[in-house]
Amino acid sequence: KRPRIKVPFETVDVIIEMLSITLLILMWTYCILNYFELPDTIATHFDATGKPDDFGSKNTIWIIPVVATVMYIGMYILNKYPHIHNYMVNITEENALKNYRFSTRVVRVVNFVCVLLLAYITYMIIESAFGKQYNLGTWFVPLLIGFSIVFPIVLIIYMRKLNK
């Protein structure tokens with residue numbers, strides 16, 4: 001049985017949460033302000049090079065902000081219960097705070113990165129619909145894949161150092 005303690009927010013945690021909430025608000029605002037100006041058909045999917053390869057109704061623009069909001073709320077709630085997260089070490093009273101703080105911060109950063117990614121995609125879909133920018137860029141997929149590989153490796157290394 002793991003200790004159940006409340007992990008106090010530090011300044012960096014507050015900043016990350018505020019940035020995530022700000023991005024969500026900006027994403028929703030951008031969709032609301034541009035919705036009526038959008039053409040009836042917009043790009044809904046992009047290929048690996050960032051060019052649109054599927055199209056749908058402009059109503060699909062609401063899917064990403066809804067997913068981002070639900071995801072943000074779900075991860076925010078998950079962070080309230082760090083004792084149910086997965087750990088590479090046995091959690092004791094002595095190491096609980098440092099491991100819980102690290103775990104909640106990782107979830108918080110992942111939440112922010114996901115909201116940032118979804119906000120960027122929403123922005124690019126709307127820009128693409130207006131013909132201002134035609135694709136996400138060829139760097140998008142390699143960067144996303146690279147981050148998905150490097151980030152967990154860095155986390156594992158840091159977690160091992162944290163518990164020595």
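Phe147 touches Val113 and Pro152, leaving out residues up to four places away in sequence; contact means heavy atoms within 4.5 Å. This is a predicted model: local features need pLDDT of at least 70, side-chain atom pairs count only at pLDDT 80 or more, and totals for chains, interfaces and linings use all residues. Residues are numbered from 1 along each chain as its sequence is written, and side-chain values use heavy atoms, with hydrogens and water left out.

**Phe147**
- Phe147 is found in helix 4. Helices (H or I, at least four residues) and strands (E, at least two) are DSSP runs, numbered from the N terminus.
- Phe147 counts as partly exposed because its relative accessibility is 37%. Buried means under 20% relative accessible area, exposed over 50%, and partly exposed in between (1.4 Å probe, protein chains only).
- Thr69 is 78 residues from Phe147 in sequence. The C-alpha to C-alpha distance between Phe147 and Thr69 is 22 Å.

**Helix 4**
- Helix 4 covers residues 140-162, 23 residues in total. Its first and last C-alpha atoms are 32 Å apart, close to the 33 Å expected at 1.5 Å a residue. The expected span is 1.5 Å times one less than the number of residues.
- Phe140, Leu155, Met159 and Leu162 are the buried residues of helix 4. Their cover includes helix 3 (96-129).
- Ile149, also found in helix 4, helps make a nonpolar surface patch of about 540 Å². The other members are Ile145, Val150, Ile153, Val154 and Ile157.
- Patches take residues with over 30% relative accessible area and no salt bridge; nonpolar side chains (Val, Leu, Ile, Met, Phe, Trp, Tyr) are joined within 5 Å, like charges within 9 Å. A salt bridge is a side-chain nitrogen of Lys or Arg within 4 Å of a carboxyl oxygen of Asp or Glu. Accessible areas come from the Shrake-Rupley method with a 1.4 Å probe.

**Nonpolar cores**
- The largest nonpolar core has 20 residues. Leu24, Met27, Leu38, Ile61, Ile64 and Ile125 have the most contacts inside it. A core is a set of buried Ala, Val, Leu, Ile, Met, Phe, Trp, Tyr and Cys residues joined through side-chain atoms within 4.5 Å.
- Helix 1 (11-35), strand 1 (41-46), helix 2 (63-78) and helix 3 each give two or more residues to this core. Helix 3 gives the most, with six residues.
- Another core, of 10 residues, lies apart from it. Tyr87, Ile91, Phe102 and Val106 are among its members.

**Helix 3**
- Helix 3 has 34 residues and reaches 49 Å from first C-alpha to last, close to the expected 50 Å.
- Gly131, just after helix 3, takes a positive phi of about 75°.
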